[in-house]
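Biologist: Hi, could you walk me through this one? Pull it up and we can chat as we look.
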Amino acid sequence: MQLTLHVWRQKDRNEPGRMETYRAENVSPDMSFLEMLDELNEKLIKEGHEPVAFDHDCREGICGSCSMMINGMAHGPERATTTCQLHMRKFQDGEELYIEPWRAKAFPVIRDLVVDRTSFDRIIASGGYVGVNTGGTPDGNMLPVPKEKQELAMDAAACIGCGACVAACKNASAMLFISAKVGHLGNLPQGEPERLKRVRKMVDQHDAEGFGHCTNQYECEAACPKEISVGFIAQLNRDYWQASLAVNTRDESSVSAG
Amino acid sequence: MKLDAKVPSGPLQSKWTQYKADMKLVNPANKRKFSVIVVGTGLAGGAAAATLSELGYQVTAFCYQDSPRRAHSIAAQGGINAAKNYQNDGDSVWRLFYDTIKGGDFRAREANVHRLAEVSVNIIDQCVAQGVPFAREYGGLLANRSFGGAQVSRTFYCRGQTGQQLMLGAYQALSRQIGYGKVKMHSRTEMVDLIVINGRARGIVTRNLETGKVETHVADAVVLATGGYTNVFYLSTNAIGCNVTATYRAHKRGAAFANPCYTQIHPTCIPVAGEHQSKLTLMSESLRNDGRIWAPTKKGDTRHPNQIPEGERDYYLERKYPSYGNLAPRDIASRAAKQVSDDGRGVGYGGLGVYLDFADVIKRDGKARVTEKYDNLFEMYERITGEDGYAQPMRIYPAPHYTMGGLWVDYNLMSNIPGLFVVGEANFSDHGANRLGASALMQGLADGYFILPYTLSQFFAGLPAEKDKPTSTHDECKRVESDVQQRTKKMLSLKGKKTAVEYHRELGRILWEGCGMARTKKSLGDAIAKIKVMREEYKQNLIVPGTDSNLNVALERAGRVADFLEFGELMARDALTREESCGGHFREEYQYPDGEAKRDDEKFCHVAAWEYQGETKDPIRNVETLEWDAVHPTVRSYK
């Protein structure tokens, strides 16, 4: 196969970027999308040019590193598939591809296709956990958990934190990402004590990071490689309203800081 | 070098209990005076960083990924073992201990493995409390499955994503500490060297992958949790970024590297599809429960598998191992596939594959039943190969998967350099010559949550009072920083003809051939000679574009490959000097007439820990003899 690639190139956070056009020749249909880019990079390096930087690691669709828009679609055209698991047999010989980084204010471009997703880490650090220390935990079987709840929590916990939901959203909202954590921990008895605080803190952090609001277009669900359901956003909204009504003045971080 | 394992005295079952009772404690008010560097934030590193911070130590953590949630622990599918005996099927700490020791072909340290089995039960409780959504029964209690040939059901799991869910538990615990400002987290930062001052590990030198800035961080102790070195083979099931740099750099600064030849090859991976292949994907071994493995009896048979009549198929595992058949252990199944392929009977690209056929089980149980059990695997197979595993046999081939060797550590998980601790896959201690399924997650979390926090306290409490702790302006720090900068500048200035990836691919091929599933004196000698030549060429003919002052992916790769090129030789040398076959290390010269591995307990019941002697001198092979107080090595037979 032969392809024409239009790739976003940007030197660093500060310099403006631009699209550059490359030819990808002898592309095998058995290659993954990233292997196709690897070949391009090898060619660029040999010609003395700098390779196209992109995030990637596990290449089996679980680490959440890879992140690019392919023809305007987060992770490309295949349903429920990360870029690293997308194979070239899904494209036509002679096709033109437009490859860009995630686009969102809260995901600034670091270089080429690499963006800074530490805003996601800060959202989790604001409250996306169960506040237990190591040790002194009760026996794993002490609290029975209904299988349906555990399965539901697992559905949400499958989120890999890649950011495709944000990239696909016209408002660059990270509600699907937050709701995945709400759905994961909020459906388990272990997450119950901090359920409301968790939601409030994560949403506050989300807004502070510059993510946009959710307007129920569900582009996020369509783009999600792990098929996280927007039903969790409904759960998030319910919890958030409940949290806004509750008066919460006691807070672990203020106690431990003192 | 004297290797003192510092195993506590007393009966095996009470060593750890006694250790905890006797250990010195650090006064709570003094804990904040001690600082720890944790490199790597996978299961072991993430768990350690979170727990040490909870205890009150000053923790600084580093990872090369963009977030501490992404380490390759995340990719583990199967599960995590624990001796809970929830199934009432006769499991116990002793049984888990014994299975692990036997699985490791009696090449692990008894006391460490027993401690691992003891704390396994705490891990499950901890993870449940963190909200890890383990599979459950309808009554709400935790579900288990039997895994990797164990006779009891002791494996806990979260669908096919156990590694990811445990990883998120550790990541969230770590994030909580980061959010409180107690752990200072540096992501996209790679450790490139170790600082040793007056014989004690005092810090690390890092390179910020975004800005290229080289910096020194000092602390009272350094913890390496940087994973295994499987990517020395170029093609493996590891993430692309996994590398040996941190542990190998520590080795060059004096840390002994133990048993580098112990590598595990997983039998059911999707075969290579072409020269462009960048990594291999593992499919759960559970497929072997129902699939039948075969190869054509004729050499170079290019017919479509469905056209090959029954009489011309060789179900070689069923033929050679009638009692275990397709469920023969990993190393045996892997070697048998390679033999078939070496014999010219392999299938698919380059003849590097064998068939895994579900036709019989589909006929017997119906497609629906197979779908219910394995659908995600069939889907994954089709996504990668474009072939339908229901309509024709899948193709599989073994791939490097895990490394049991690593930096040598004593019972305290401390290397021979005081103050340098090593946890998780990066150390060598618990899996011997072969790791059992669902044990890697257990070891990573055991080290991070429940062992290191105790042993590190013991270390700190025993330190003499220091008036002036070294800072990052110390002469040694400046010297090592300048070393690092020189290395980088050198690579950028070469302007040669070949890329780091090309060298890496070649190195992988040499090691796969010479130091892979089956090794010989000759193949290993050849590999060492070839690597030496290649390493010299690398110093002259490498091309790395760009600069060292921004994100430069080619430069990152070049640095890692440089270390793999040195490490690859050490691995082959270790395999050459271990003149026996055990676990994942199979020397063709040492086998029984029926092809079974021939262990030599008289000469090789020891750990080989290599000591670096400089670039031009051969390393020294030191030995820690393994003592057997509680168990007696037996022949590991699966006939």
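Modeller: Happy to! One term before we start: the domain bounds here come from an automatic or database domain assignment. Also, this is a predicted model.

Biologist: Good to know. How is chain B divided?
Modeller: Into domain 1, covering 267–398, and domain 2, covering 475–614. The C-alpha centres of these two domains of chain B are 31 Å apart.

Biologist: And how many residues of each are in contact?
Modeller: Five residues of domain 1 of chain B contact five of domain 2 of chain B. On the domain 1 side, helix 9 (residues 330–342) of chain B gives the most, with four residues. By class, that side has three charged residues, one polar and one nonpolar.

Biologist: Switching to the two chains, how many residues does the contact take from each?
Modeller: It takes 70 residues from chain A and 64 from chain B.

Biologist: Which helix of chain B gives the most there?
Modeller: Helix 6 of chain B, with nine residues. Others supplying at least two residues each include helix 3 (43–55) and helix 16 (553–577) of chain B. The chain B side has 27 nonpolar, 25 polar and twelve charged residues.

Biologist: Nice. What's the strand order in the sheet of chain A?
Modeller: It's an open sheet of five strands, ordered 2-1-5-3-4, with mixed pairing. Strand 2 (18–24) and strand 4 (73–74) of chain A are at the edges with a single partner strand each, so one side of each has no neighbour in the sheet.

Biologist: Do strands 1 and 5 of chain A run parallel or antiparallel?
Modeller: Parallel: strand 1 (residues 3–9) and strand 5 (residues 96–100) of chain A pair over four bridges. There, A:Thr4 stands opposite A:Glu96 of strand 5.

How values were computed: Residues are numbered from 1 along each chain as its sequence is written. Chains are lettered from A and ligands numbered from 1 in the order in which they are written. This is a predicted model: local features need pLDDT of at least 70, side-chain atom pairs count only at pLDDT 80 or more; totals for chains, interfaces and linings use all residues. Two residues are in contact if their C-beta atoms, placed from the backbone, lie within 7 Å. Ala, Val, Leu, Ile, Met, Phe, Trp, Tyr, Cys and Pro count as nonpolar, Asp, Glu, Lys and Arg as charged, and the others, Gly among them, as polar. Two strands pair if DSSP finds at least two bridges between them.
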